Protein chains: 2
Amino acid sequence: MNTQSTRADDILRCARSLIVRGGYNSFSYADISKVVGIRTASIHHHFPGKSDLVRVLVAQYREEALAGLDRLEQSIPDPLDQLRAYLGYWEGCFADMAAPFCVCALLAGEIPVLPEEVAVEVRAHFRQLADWLTGVLERGAAQGRLRLSGTARADAEMFMATTHGAMLSARAYGDATAFGAITRPLLERIAA
Amino acid sequence: MNTQSTRADDILRCARSLIVRGGYNSFSYADISKVVGIRTASIHHHFPGKSDLVRVLVAQYREEALAGLDRLEQSIPDPLDQLRAYLGYWEGCFADMAAPFCVCALLAGEIPVLPEEVAVEVRAHFRQLADWLTGVLERGAAQGRLRLSGTARADAEMFMATTHGAMLSARAYGDATAFGAITRPLLERIAA
DNA sequence: CCAAACCTACCAACCAGTAGGGAGGCTGTC
DNA sequence: GACAGCCTCCCTACTGGTTGGTAGGTTTGG
């Protein structure tokens with residue numbers, strides 16, 4: 001583990017909080033410069049180009065997400081509770097106003113104008129999350145804890161889509177509680 | 001009906017096709033200029049500022065959507081078929097590669113960086129669509145054609161969220177058929 | 001003649017990115 | 001232990017291109 005070079009991490013953290021507000025084209029090196037306290041030219045030293053910065057940012061986000069899901073899976077035995085915890089995590093993000101949006105869900109909408117290398121990472125996140133959800137649903141169904149309406153894969157894709165759509169609705173309504181209001185029935189419906 | 005001034009309409013149509021690709025900050029007056037064949041300065045004559053242009057664009061989109069939903073409601077008697085037709089419309093958009101995304105769904109993600117006047121229109125679209133869906137679900141439930149799992153409003157919000165999320169997934173996967181694959185089970189589940 | 005529509009010619013601000021240099025730390029060699 | 005060389009990090013200064021927007025004049029059609 002390298003705990004050094006907080007600078008690159010500062011830049012990444014700052015860029016993430018900026019990108020979460022409005023996507024790839026909504027922030028500039030100057031914005032990062034102001035917050036982190038570094039010149040724009042120095043950012044290029046850490047990340048040659050903007051596409052590199054965002055690619056690393058998304059890759060790191062993906063790693064964190066995977067680690068979080070794994071941790072969640074190991075600390076919570078019941079599949080239904082796992083889904084509950086997953087949605088609860090996001091509900092907490094909206095409540096805190098911390099980072100009330102999935103980086104990849106936001107970037108997915110902008111894919112046609114995204115650098116290919118970034119789009120690849122976004123795509124990978126969608127697959128990764130859908131895979132995880134599919135696994136949870138399969139196990140839940142096998143244990144008789146969850147009642148699927150189609151294949152585990154199909155239900156997982158729908159679960160993910162509803163979650164992402166609920167984020168959009170929460171933003172559109174300007175109501176942080178909307179996310180929970182939309183996703184909670186999702187759990188009730190799927191519970192056996 | 002004013003059929004005059006195709007120029008302002010040209011600009012709006014062009015801006016819409018551009019905004020659908022990557023949102024508010026992904027296009028410029030120069031982009032419109034190249035396509036429409038007009039100087040950037042002339043665009044300001046029709047729309048004083050970019051926020052005006054996009055506000056009118058979204059307002060017009062909203063009108064068209066409302067008209068489309070009304071037309072759909074009058075030509076198709078069965079509520080389930082109405083939902084099917086609504087999803088079918090978007091499935092067609094993805095297949096044609098015409099405008100494979102809801103303008104407002106895309107802009108909703110960017111709300112924190114959107115001019116307030118635009119955000120208001122986006123919010124209004126979400127309410128409008130949710131209202132329409134709520135009406136359809138209510139009627140479907142009353143006729144015994146649809147089986148709701150919560151209130152009509154709650155189911156409508158979830159239906160809308162899933163639809164928007166399916167658009168994101170289709171983009172992320174780079175697979176136009178994904179939208180249909182995700183939303184089709186939505187209908188089967190709700191059918192009585 | 002008037003007004004809408006469109007033009008050329010600007011503008012200041014901003015964009016990502018480059019060139020080149022200086023400060024400080026680490027390492028190898030005598 | 002001293003010194004040279006190098007590497008990382010960050011700086012100032014600058015570039016060419018783009019951004020949304022303005023001023024003011026010209027064309028065009030009723």
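**Close-up views of a predicted protein–DNA model**

**Figure 1. What lines the surface near DNA strand C in this predicted model.** The residues of this surface divide into six nonpolar, six polar and three charged. Helices from both chains take part: H2 and helix H3 (40-46) of chain A, together with helix H3 (40-46) of chain B, each supply at least two residues. The biggest share comes from H3(B), which gives four residues. Of the 15 residues around DNA strand C, the ones that come nearest are Tyr29(A), His44(A), Lys50(A), Ser42(B) and His46(B). On the DNA side, sugar and phosphate account for 70% of the atoms of strand C that come within 4 Å of the protein.

**Figure 2. Zooming in on phosphate oxygens of DNA strand C.** Here are three polar pairs to pick out, and each has a phosphate oxygen of the strand as one partner. Ser42(B) places a polar side-chain atom 2.6 Å from a phosphate oxygen. With Ser28(A), the polar atom is again from the side chain, and the distance is 3.1 Å. Lys50(A) takes part through its backbone: a polar backbone atom lies 2.8 Å from a phosphate oxygen.

**Figure 3. Helix H4 of chain A and its buried residues.** H4(A) runs over residues 50-75, 26 residues in total, and reaches 37 Å from its first C-alpha to its last. That is close to the 38 Å expected at 1.5 Å a residue. Look along the helix for the buried residues Ser51(A), Asp52(A), Leu53(A), Val54(A), Leu57(A), Val58(A), Tyr61(A), Leu69(A) and Leu72(A). When following such a list, it helps to recall that an α-helix has 3.6 residues a turn, so residues three or four places apart point the same way. The packing partners of the buried residues in H4(A) are helices H1 (6-22), H2 (29-36), H5 (79-96), H6 (103-109) and H7 (116-142) of chain A.

**Figure 4. Helix H8 of chain B, largely enclosed by the rest of the structure.** Spanning residues 152-173, H8(B) has 22 residues and reaches 31 Å between its first and last C-alpha, close to the expected 32 Å. Because 20 of those 22 residues are buried, the helix is largely enclosed. Just after H8(B) comes Gly174(B), with a positive phi near 65°.

**Figure 5. How chains A and B are related.** A rotation of 180° with 0.0 Å of shift along its axis superposes chain B on chain A, with an RMSD of 0.0 Å. This is the relation of a two-fold axis. The copies meet through the same surface, because 100% of the interface residues of chain B are also interface residues in chain A.

How values were computed. Residues numbered from 1 in each chain as written. Chains lettered and ligands numbered in written order. Predicted model: local features only at pLDDT ≥ 70, side-chain atom pairs only at ≥ 80, totals over all residues. Heavy atoms only, no water. Expected span 1.5 Å × (residues − 1). Buried < 20%, exposed > 50% of the residue type's maximum accessible area, 1.4 Å probe, protein only. Contact = heavy atoms within 4.5 Å. Least-squares fit on C-alpha atoms with pLDDT ≥ 70 in both. Near = heavy atom within 4 Å. Polar contact = N/O pair within 3.5 Å; in protein donor to acceptor, adjacent residues only side chain to side chain. Nonpolar A, V, L, I, M, F, W, Y, C, P; charged D, E, K, R; others polar.
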